[in-house]
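Colleague: I am new to this structure and would like a guided look at it. Could you take my questions one at a time?

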Amino acid sequence: MSFMRLPALPYGLARPFLFGLDAETAHDLTIAALARLQNTPAMCAWARERVADAVTVAGITFPNRIGLAAGLDKNGQCIDGLGAMGFGFIEVGTVTPKAQPGNPKPRLFRLREAEALINRLGFNNDGLAAFVANVQRATSFRAGGGIVGLNIGKNAATPIERAADDYLLGLAGVYAHADYVTVNISSPNTKNLRALQGDEALDALLGTLAARRDELTAEAGRRVPMFVKIAPDLDLAQIDLIAATLVRHGIDGVVATNTTLSRDAVKGLPHADETGGLSGRPVFEASNRVIARLRARLPARFPIIGAGGVMSGADAAAKLAAGADLVQVYTGLIYRGPALVHEAAQALAVAGAARAKAEAAAEVNPSKAIADRAKSARKATRAPRA
Ligand SMILES: Cc1cc2nc3c(=O)[nH]c(=O)nc-3n(C[C@H](O)[C@H](O)[C@H](O)COP(=O)(O)O)c2cc1C
């Protein structure tokens, strides 16, 4: 495509303007511009060549290991525009069955010194019907092999005891349009949502969803992988229980992690006391800790999608070292711009090739491989920050 050949504009030109605006206004303007300009010649302003590093995870061939995390494009309006930044996959949503406004504004804050955000958006979105119509309109990203994940949640007005009803509606509604579906049970901004990560609640929810997925597989003649997205604020025993429950119900992958409630890393900074989920650099270690524990507890090839605080290629590679197979970014894109996508994809291509080599060697010497993997996971959780 011709727009791919022109040099992209440096994000350094756009960032001061965007950061001069209230965070949600900047976000809305960007989404509106991407939605309007995607698939036009103007896309050259931000399009980047995609790093070719195909990898098969959960039975899907991803063109590379870097994806956009859920929540930036909640309505699936600019899959093609975002995809053109060089992502291998784009996760859109969280969508709820009915449209809802989310929490009162202001509800999105920059913590610039920490390269972080706090949000309490509360699943503001246009609802399932509009979401599916938008996803169906996406063309160029998918035509080029890009993978689209659809992330589902529950309406705020649905009582938590009836949460499964909303997830069932979401699953059935998005199924035919998804390369994979993510069940989001870890947003801190919908009352009691995170309680669904608890042992019995998770067992019941995943049992219901797995049964429905089997029906949908038969109806559609296609088995769509189902991932579950979890929080960073879990102790080791909770992570172990979640890992066992995911395996028991035939879940295809885990997205680790969502935003954190912890404020330890940002104490005293402006906006640090705002209610909501903290993302970006301060969540890097916590999410790596969850990934490493999942890796230790899950079967060897169980897919882990790592998210949380990836601000550089080295951070993305550290997620792989901790045990992730794929990596997502959100807050890093706000601070670094589209250049982060290429940088992370390239770092992941190098790290992924090294890992594949080590795994091949492991078939010759399995005990050394286990020791090496444990060593690299320890390193990933302790790596000093740049
Ligand atoms: C403003 C904002 C909105 C988000 N909305 C969602 C959402 O709707 N669904 C979801 O699963 N995760 C959502 N997230 C979480 C991100 O997908 C990601 O898991 C988290 O921010 C950690 O990654 P990061 O440090 O790269 O941002 C949101 C994050 C931010 C910053």
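Modeller: What follows is a short tour of a predicted model, from its sheets to some individual residues.

Colleague: Let us begin with the barrel. How many strands close into it, and in what order?

Modeller: Eight strands close into the barrel, in the order 3-4-7-8-9-10-12-13, and their pairing is parallel. From one strand to the next, the twist averages 25°.

Colleague: Which strands does helix 10 touch where it packs on that sheet?

Modeller: Helix 10 touches strand 3 (66–68), strand 12 (304–307) and strand 13 (326–329). The direction of helix 10 makes about 140° with that of strand 13.

Colleague: And how do helix 9 and helix 10 pack, at what angle?

Modeller: Helix 9 (residues 284–297) and helix 10 (residues 313–322) pack at about 25°, and their axes are 8 Å apart. Helix 9 is therefore roughly parallel to helix 10. On the side of helix 9, the contact is made by Phe284, Asn288, Ile291, Ala292 and Arg295, and on the side of helix 10 by Asp315, Ala318, Lys319 and Ala322.

Colleague: What classes of residue make up that contact of helix 9 with helix 10?

Modeller: The contact has five nonpolar residues, one polar residue and three charged residues.

Colleague: Back to the barrel for a moment. Over how many bridges do strand 4 and strand 7 pair?

Modeller: Strand 4 and strand 7 (residues 147–152) pair over six bridges in the parallel sense. Within that pairing, Val95 stands opposite Ile152 of strand 7. Strand 4 is also where Thr94 is placed, and a cis peptide bond with omega of about 15° joins Gly93 to Thr94.

Colleague: Which residues does the other cis peptide bond join, the one to Thr257?

Modeller: That cis bond joins Ala256 and Thr257, with omega again about 15°. Thr257 is found in the loop between strand 10 (253–256) and strand 11. For context, most peptide bonds are trans.

Colleague: Now the open sheet. What is its strand order, and which strands stand at the edges?

Modeller: Three strands form the open sheet in the order 5-6-11, with antiparallel pairing. Strand 5 (108–111) and strand 11 each have a single partner strand, so one side of each is left without a neighbour in the sheet. Neighbouring strands here are turned by 25° against each other on average, direction ignored.

Colleague: Which residues stand opposite each other in strand 5 and strand 6?

Modeller: Arg110 stands opposite Leu117 in strand 6, and Phe109 stands opposite Ile118. These two strands pair over four bridges. Ile118 also has a bridge partner in strand 11, namely Leu278, and four bridges join strand 6 to strand 11.

Colleague: Which way do the residues of strand 6 point, and are they buried or exposed?

Modeller: Ala116 and Ile118 point one way, Leu117 and Asn119 point the other way, and all are buried.

Colleague: What lies between strand 5 and strand 6?

Modeller: The two strands form a hairpin with four residues between them, and Glu115 is in the turn. Phi of Glu115 is near 45°, a positive value in a residue other than glycine. Glu115 counts as partly exposed because 19 other C-beta atoms lie within 10 Å, and a residue needs 20 or more to be buried.

Colleague: Where does Phe123 lie, and is it buried or exposed?

Modeller: Phe123 lies in the loop between strand 6 and helix 4 (128–137). Phe123 is buried, with 23 other C-beta atoms within 10 Å. Although Phe123 is not a glycine, its phi is positive, at about 55°.

Colleague: Changing topic, which residues come nearest to the ligand?

Modeller: Of the 27 residues around the ligand, Ala69, Gly71, Ser279, Tyr330 and Thr331 come nearest. Strand 6 (116–119), strand 11 (277–280) and helix 11 (331–336) are the elements that give two or more residues to the shell. By class, the shell has 11 nonpolar, 14 polar and two charged residues.

Colleague: One last item. Where is Gly86, and what is it in contact with beyond its sequence neighbours?

Modeller: Gly86 is in the loop between helix 3 (79–83) and strand 4 (89–95). Leaving aside neighbours within four places in sequence, its contacts include Arg48, Val51, His342 and Ala345. Gly86 counts as buried, with 26 C-beta neighbours inside 10 Å. Gly86 and Pro338 are 252 residues apart in sequence, yet their C-alpha atoms are 8.1 Å apart in space.

Technical notes
Residues numbered from 1 in each chain as written. Predicted model: local features only at pLDDT ≥ 70, side-chain atom pairs only at ≥ 80, totals over all residues. Axes fitted to C-alpha atoms, helices over the stretch in contact; angles between N-to-C directions. Parallel < 35°, antiparallel > 145°, perpendicular 65-115°, else oblique. Contact = placed C-beta atoms within 7 Å. Nonpolar A, V, L, I, M, F, W, Y, C, P; charged D, E, K, R; others polar. Buried ≥ 20, exposed ≤ 12 C-beta atoms within 10 Å, placed from the backbone. Near = placed C-beta within 6 Å. Pairing = 2+ DSSP bridges.
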